[in-house]
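Could you walk me through how this small fold is put together? I'd like the sheets, the overall shape and one residue worth a look.

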Amino acid sequence: MTIKFSKDYEWINAADANASVVGITVHAKDALGDVVFVDLPEVGKSFAQGEVAGVVESVKAAADGSMPVSGEVVEVNE
């Protein structure tokens, strides 16, 4: 299995050996409700595992998105 989940409701898909994809779980999205803003990291920025890489804001709350692994951002989904 290439998708792994963190205890903080993030996931990582490491199927591609050159670049992994990270996101939040469906449970996290459902708990947040309607998302109104997402603060994405800059391409080229490096993060340590567990470091906050972005913020998801909803009508209910704001939640930090932490990096499940250390690495550099090579692309973001606008």
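Here is a quick tour, from the whole chain down to a single threonine.

First, the ground rules. This is a predicted model, where local features need pLDDT of at least 70, side-chain atom pairs count only at pLDDT 80 or more, and totals for chains, interfaces and linings use all residues. Residues are numbered from 1 along each chain as its sequence is written, and side-chain values use heavy atoms, with hydrogens and water left out.

**Overall picture**

The protein has one helix and eight strands (DSSP runs numbered from the N terminus: H or I of at least four residues for helices, E of at least two for strands). Along the sequence they come in the pattern β-β-β-α-β-β-β-β-β. The radius of gyration, taken over C-alpha atoms, is 12 Å, close to the 12 Å from the globule rule for 78 residues, so the protein is as compact as a globular protein of that length. That rule is 2.2 Å times the number of residues to the power 0.38. The C-alpha atoms fill a box of roughly 35 × 30 × 20 Å along the principal axes.

As for surface, about 5600 Å² is exposed, with carbon and sulfur atoms supplying 53% of it (Shrake-Rupley method, 1.4 Å probe). Buried residues account for 22% of the 78; buried means under 20% relative accessible area, again with a 1.4 Å probe and protein chains only.

**Two open sheets**

Strands count as paired if DSSP finds at least two bridges between them.

| Strand order | Pairing | Average turn between neighbours |
|---|---|---|
| 1-2-3 | antiparallel | 20° |
| 4-6-7 | antiparallel | 20° |

The turns ignore direction and use axes fitted to C-alpha atoms, with angles running from 0 to 180 degrees between N-to-C directions.

In the 1-2-3 sheet, strand 1 (3-5) and strand 3 are the edges; each has a single partner strand, so one side of each lacks a neighbour in the sheet. Strand 2 (residues 10-13) joins strand 3 through four bridges, and Trp11 stands opposite Gly23.

In the 4-6-7 sheet, strand 4 (35-39) and strand 7 (62-66) take the edge places. Strand 6 (residues 52-58) pairs with strand 7 over five bridges, where Glu57 has Ala62 as its bridge partner.

**A closer look at Thr25**

Thr25 sits in the loop between strand 3 (21-24) and helix 1 (26-32). Thr25 is buried, at 11% relative accessible area. Neighbours within four places in sequence aside, Thr25 contacts Phe5, Tyr9, Glu10 and Trp11 (heavy atoms within 4.5 Å).

Technical notes:
Buried < 20%, exposed > 50% of the residue type's maximum accessible area, 1.4 Å probe, protein only.
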